[in-house]
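Here is a walk through one structure, taken a corner at a time. Keep the picture open and follow along as we go.

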Amino acid sequence: MRPFVTRPAFRLKGKIFPPGDKSIAHRYIIIGALSRGLTRIKNFPANKDCFYTIQALRKLGIKITGYFDNAHKKNPTINVFAKGRFGLTKPGRPIFVGNSGTTLRLLLGVLAGQNFKVILHAGESLSRRPMLRVTRPLRMMGAKIEARAVKNKKEGKSEEYLPITIKGNKLNSISYRMPVASAQVKSALLLAALYAKGTTKVIEPVKTRDHTERILKLFKAGIKLKQNTIYIKGGKELIAPSRVVTVPGDISSAAFFITLASIIPDSQVLIRNVSLNPSRLGIIRVLKRMGADIQLSTNESGRLTTEPMGNILARSSNLKGAIIRKKEIPSLIDELPVLMVAASLARGRTVFEGVGELRVKETDRIDSMMENLKRMSANIGVFKEGKSENIIIEGVKELRGARVRSFADHRTAMSMVVAGLAATGATKIDDISCISKSYPEFINHLKILTNR
Ligand code: S3P
């Protein structure tokens, strides 16, 4: 347990380099592990989730050096020594993936095409998250998967959860229209497709982050994109790039400071070397619509990366409410909790449409944020409209310090730190140790920017 107390911040000033992007880092290392040759990755983030990916790949026989071995260095570079798509070996024991959903779901895609059996298990929160969205299409491709099935008597539906036993198989290609917009599920299918006979077609209901597609292209996979459809050819070996690849900074981590700079008077924060991938920039587009003063500049650094990279300058502003449509949600899914804080202090009404996916994150982020923000005197409600859930927030003049909870969820914890700094009085958060899941440097960066 690590309780944390915030008091009002008077201004934020300065510059930070956010940690390497968690989503991209998982993908570089997993795709590197399936390729031929040595993949060298710079600015690899030292967070818990990425550590679970490294550990899982090591258990699958992949040699990875230079991670915790040189964690004292500012920008750790890691080396992945791989032997191609079939270079993995059967682990002696079940693999534990912590609470890292990306590690788990992407690995399921990889393991679907191997010729051995693996048991995967996880921590408490990931064991509560639904898996049928990924096990169902992988079974359609031919993977043999056993999971813990639970019937929901009320809704007459069944769902699947960890632990999962997966036995790889000879896979066939499929044409799959995804029922949920999920980059993790899409990525699992694209990775499994590398092992399938023929061309797999994946159709997304709404475009989600496209890091996997970009990285697969860099590694010379046979991949083609056409609007919301991805075609990927099976049977081709991936080739590691000869140059070091760089993980750009994580916009989802930067989001907390972009929001803080926008809502705390007299602030100016420069965030350096962040991924400016349009599929992740929903937070910037929405904050700008709310009246935020944010400038982006790209920097051609000469580094090899699959992402557009640049700087973000955020200054104080007076925010007003906005409508966030369902189709925008995947581009800011992880930033919704902190946007709820911004909306609580904005003039007028903000509506977040179709946010039901928030219920199946590390915690139910609709419940966690509603409970916390209400305790701080925010005006927030959730409404059903057909199948869709909408959050409506009426901005208030001030948030009031209160006792709140992280629910062991990193993004709820960091959002409540932001809310506490913008509130009157003290805010006591029960436990912020979960922040190390994605952003171990968060409190240090906060100290730099608040000069405390
Ligand atoms: C992620 C995709 C999103 C996101 C998660 C990371 C990824 O999850 O919320 O934090 O790396 O692909 P879903 O695919 O479940 O939407």
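Serine 182 caps the N-terminal end of helix α6, with a side-chain oxygen 3.3 Å from the backbone nitrogen of glutamine 184. That counts as a polar contact, meaning a pair of N or O atoms within 3.5 Å; within protein, one must be able to donate a hydrogen and the other to accept it, and residues adjacent in sequence count only if both atoms are side-chain atoms. Before going further, note that this is a predicted model, where local features need pLDDT of at least 70 and side-chain atom pairs count only at pLDDT 80 or more, while totals for chains, interfaces and linings use all residues. Residues are numbered from 1 along each chain as its sequence is written, and side-chain values use heavy atoms, with hydrogens and water left out.

Stay with α6, which runs over residues 183-193. Helices (H or I, at least four residues) and strands (E, at least two) are DSSP runs, numbered from the N terminus. How many of the residues of α6 are buried? Eleven of its eleven are, so the helix is mostly covered. Here buried means under 20% relative accessible area, exposed means over 50%, and partly exposed is in between (1.4 Å probe, protein chains only). Among the buried residues of α6 are Ala183, Gln184 and Lys186.

The start of this helix also brings us to the ligand. The residues around the ligand (those with a heavy atom within 4 Å of it) include Ser182, Ala183 and Gln184. Others in that list are Ser23, Arg27, Thr102, Arg105, Arg209, Ile333, Asp334 and Lys361. A backbone N or O atom of alanine 183 sits 3.1 Å from a ligand oxygen, and a backbone N or O atom of glutamine 184 lies 2.9 Å from an oxygen of the ligand. Aspartate 334 takes part through its side chain, where an N or O atom is 2.7 Å from a ligand oxygen.

Arg105, one of the residues around the ligand, also takes part in a helix pairing. The axes of α3 (residues 101-111) and α5 (residues 132-141) come within 11 Å and cross at roughly 10 degrees. These axes are lines fitted to C-alpha atoms, for helices over the stretch in contact, and angles run from 0 to 180 degrees between N-to-C directions. That crossing makes α3 roughly parallel to α5; angles under 35 degrees count as roughly parallel, over 145 as roughly antiparallel, 65 to 115 as roughly perpendicular and the rest as oblique. The contact, which means heavy atoms within 4.5 Å, is made by Arg105, Leu108 and Gly109 of α3 and by Arg133, Val134 and Leu138 of α5. These residues divide into three nonpolar, one polar and two charged. In this grouping, Ala, Val, Leu, Ile, Met, Phe, Trp, Tyr, Cys and Pro count as nonpolar, Asp, Glu, Lys and Arg as charged, and the others, Gly among them, as polar.

Now back to Lys186 of α6, which is touched by glutamate 204. Glutamate 204 lies in the loop between β13 (199-203) and α7 (211-218). Is glutamate 204 buried or exposed? Its relative accessible area is 6%, so glutamate 204 is buried. The side chain of glutamate 204 makes a polar contact of 2.5 Å with the side chain of threonine 208. Leaving out residues up to four places away in sequence, glutamate 204 also touches Met178, Asn228 and Ile230.

Lysine 201 has its place in strand β13 and counts as partly exposed, at 29% relative accessibility. Beyond its neighbours within four places in sequence, lysine 201 is in contact with Ile174, Ser175, Tyr176, Thr229, Ile230 and Tyr231.

Isoleucine 232, in strand β15, is buried, with a relative accessible area of 0%. Not counting residues up to four places away in sequence, isoleucine 232 touches several residues, including Leu190, Ala193, Thr199 and Leu216. Glycine 222 is another of its contacts; the C-alpha atoms of isoleucine 232 and glycine 222 are separated by 5.6 Å, with the two residues ten apart along the chain.

Finally, a few backbone details. Glutamine 227, in the loop between β14 (223-226) and β15 (229-233), has a phi near 45 degrees, a positive value in a residue other than glycine. Glutamine 227 counts as exposed because its relative accessibility is 69%. A cis peptide bond joins leucine 162 and proline 163, with omega about -5 degrees, and proline 163 is found in strand β9 (residues 157-167).
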